[in-house]
Amino acid sequence: MWRSFEPHVERFASACASQAVSTDRFSISGPPAGGGSTAVPVAMPSGLAAYAKPARAQPGDVAREWLAFMLGYRVGLPLASVQISRETANLTFPLPPVVALSYNMLAQGRPFGQLTLSPQEQDAARPIFSAMHAFHAWIDDHDHFGGANTHIERMPDGSIQLSFFDYSFSLTHQWGPPASPIHRNEWKHPTGPYANPDPLVINRVIDLIQQIPLTDLQSVAGTLPPDCMSAGDGAALAAALHQRGQQLKAVLT
Amino acid sequence: MASLPAKARESRLSFCTDMTKSSASVIPLGYMLEAVWPDEARWLGLIGRTKLMGHELELVNLATWPDLEKPFTFLDKVFDQGWGGEWGNAGVIAQSVWLRSPLLVVIDDNDDLLKEAEIDSEAGWTSVTDMLAARLTMLGQKLRPLMPPTPSVGLAPIRPFPRRADIPLRFAPHGRRMFEEFANVA
C-alpha cells in the first residue's frame with residue numbers, strides 16, 4: 001500500500017527479492033556520482049539502470065544496502081531494489097570485488113527537498129513518511145532525516161510516488177549486537193516530512209515488523225555471502241533486529 | 001602571482017528522460033565553467049538553453065519538472081547552488097544536490113585552460129575572463145536538441161537539422177564580483 005512503482009519496476013523488485021546475487025555483466029554508464037564519489041551509474045543488460053555502490057571498498061556497505069531493501073520490501077515499503085554483484089572485473093572504472101546494485105525506481109524522480117508540495121500532496125505523502133519513520137527507527141537509519149536520499153515524482157493522474165535509497169548508514173553501521181538503545185530523540189520527535197506521523201500507520205508498520213519471525217530474519221541475514229557479512233554477525237544482527245522490533249511501540253507510540 | 005595552481009572545471013548539465021532505463025534519451029541543457037585561483041579569485045559562468053523543442057518537452061514529466069519549460073531559469077538555480085558553495089566545487093555541489101536525479105552533471109577538469117592565465121592586473125583579469133567567456137561560448141555550441149523521432153507511418157520526410165536560431169542561448173557571467181571585492185581591499 002506504500003509502494004506504487006511502474007509495473008516493470010515492481011516486477012523487477014520482486015525478482016530482486018528472490019535472487020540476492022546478480023550474475024549479469026553490467027557496464028559503467030557514467031562517472032561516479034555524489035560528493036564522496038560513492039556510487040557509479042551502471043547499465044544492466046536487461047536495459048535497467050542502477051548505481052553500483054560503493055565506488056570505494058567500504059566493509060559492510062553492501063550487506064547494509066541489501067538487508068535494508070529486503071527488510072523494507074518484506075514490510076511493503078518503497079525502497080530502491082538492491083542486488084549484490086561480483087561482476088566487477090574488467091570494467092572501465094575500477095570497483096571493489098563486491099558491490100551493491102541499487103536500482104533507480106522512478107523515471108524522473110526529483111530530490112524531495114527540491115519540489116514544493118501542495119497541502120493535498122503533503123497529506124498524500126504523510127502515510128508513506130509515517131511508515132518509513134517506523135522502519136527507519138527499526139533499522140536505525142541515519143541518512144534520511146529531513147527527506148534526504150528520497151525522490152518524489154508527480155504522476156499525470158495527480159498521484160505521487162516516493163522512492164527511498166542509500167542505506168549504508170543503517171543497521172550495524174551505527175550499532176552492534178546486542179541492540180543499542182532505541183530511545184533516540186530522532187525517533188520520538190521526528191521533524192521535516194516525518195513530523196506528525198500518522199499513529200495508525202505507525203502501529204500498522206510495527207505490527208508487520210513484529211510479525212516477522214526471528215527465523216525469517218535469520219534466514220535473510222544468512223542469505224548474505226560470507227564476504228559481505230559473516231554468519232556470526234548475521235545471526236547477531238537478526239537477533240538484534242528482532243529485539244529492537246519488540247521495543248518500537250514503546251518508543252514510537 | 002597565484003600561490004597555488006589555478007584549477008578549471010567544466011560541468012556538462014543534461015536531463016535523463018527515464019532514470020530506470022539505461023538507454024533513455026538525454027536532453028542537453030547547459031554547461032558551467034569554473035576557474036579558481038585558490039585564496040585569490042574565482043570565476044563561474046553558465047551557458048544554457050532557454051527553451052526545449054516540442055518533442056523534447058514531450059519526454060519531460062512537467063508535473064514534476066515544470067521548470068524545464070524555462071530551462072535556463074532552472075539552470076540559474078543550479079548555478080546559484082554551486083556559487084554558494086566551496087570554491088572549485090560548483091559542479092560537485094550540483095551533483096550532490098541532485099544526486100541520482102535526472103539532472104546529470106558530468107565534470108571534467110581542464111586546468112590547461114589557465115596555464116598562461118595572469119590575474120595580477122585589471123587588464124590580466126579582463127583578458128582571462130574574456131578567454132573563459134569564449135571557452136564557455138564554444139561549449140555552448142555543443143548544445144544541440146535531441147533529434148526528433150522519425151514518423152513511423154509513410155515516408156519519413158527529410159527534416160533539416162535545427163538551426164542555431166532554434167536554440168537561443170544566454171550567457172550569464174557572474175565571476176567578476178569576486179575580483180572586484182579583492183580589488184577594494186586596502
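This report walks through the fold of chain A, one of its strand pairs, some salt bridges and one leucine of chain B.

The model is predicted, so to speak, by computation: local features need pLDDT of at least 70, side-chain atom pairs count only at pLDDT 80 or more, and totals for chains, interfaces and linings use all residues. Residues are numbered from 1 along each chain as its sequence is written, chains are lettered from A and ligands numbered from 1 in the order in which they are written, and side-chain values use heavy atoms, with hydrogens and water left out.

## Chain A overall

Let's start with the big picture. Chain A carries 7 helices and 9 strands; these are DSSP runs (H or I of at least four residues for helices, E of at least two for strands), numbered from the N terminus. The C-alpha trace spans about 50 × 45 × 30 Å along its principal axes. For 253 residues, a compact globule would have a radius of gyration near 18 Å, and the 17 Å of chain A agrees with that. That radius is taken over C-alpha atoms, and the globule rule is 2.2 Å times the number of residues to the power 0.38.

Of the 253 residues in chain A, 55% count as buried. Buried means under 20% relative accessible area, exposed means over 50%, and partly exposed is in between (1.4 Å probe, protein chains only). As for contacts (heavy atoms within 4.5 Å), residues 24 or more positions apart account for 74% of those in chain A with a separation of 6 or more.

## The β8–β9 hairpin

Strand β9(A) covers residues 160-164, and 5 of its 5 residues are buried, so the strand is largely enclosed by the rest of the structure. Both faces are covered: I160(A), L162(A) and F164(A) sit on one side, with Q161(A) and S163(A) on the other. Its partner is β8(A), residues 150-154, and the two pair in the antiparallel sense over 5 bridges; pairing takes at least two DSSP bridges between the strands. T150(A) stands opposite F164(A). The hairpin leaves 5 residues between the strands, and G158(A) in the turn has a positive phi of about 95°.

## Salt bridges

Side chains of opposite charge can pair when their charged atoms come close. A salt bridge here is a side-chain nitrogen of Lys or Arg within 4 Å of a carboxyl oxygen of Asp or Glu, and 17 turn up over all chains. Here are three of them:

| Pair | Closest N to O |
|---|---|
| R3(A) and E10(A) | 2.9 Å |
| R74(A) and D216(A) | 2.8 Å |
| E10(B) and R135(B) | 2.6 Å |

R3(A) is buried at 16% relative accessible area, while E10(A) is partly exposed at 23%. R74(A) and D216(A) form a salt bridge too. R74(A) lies in helix α2 of chain A and D216(A) in helix α6, so the pair ties together parts 142 residues apart in sequence. In chain B, E10(B) meets R135(B). E10(B) belongs to strand β1 and R135(B) to helix α4 of chain B, so this pair ties together parts 125 residues apart in sequence. There is also a network: K53(A), E65(A), D166(A) and R100(B) are joined by salt bridges that share partners.

## L13(B)

What does L13(B) touch? Leaving out residues up to four places away in sequence, its contacts include P28(B), L29(B), M32(B), L46(B) and V105(B). L13(B) lies in strand β1 of chain B and is buried at 1% relative accessibility.
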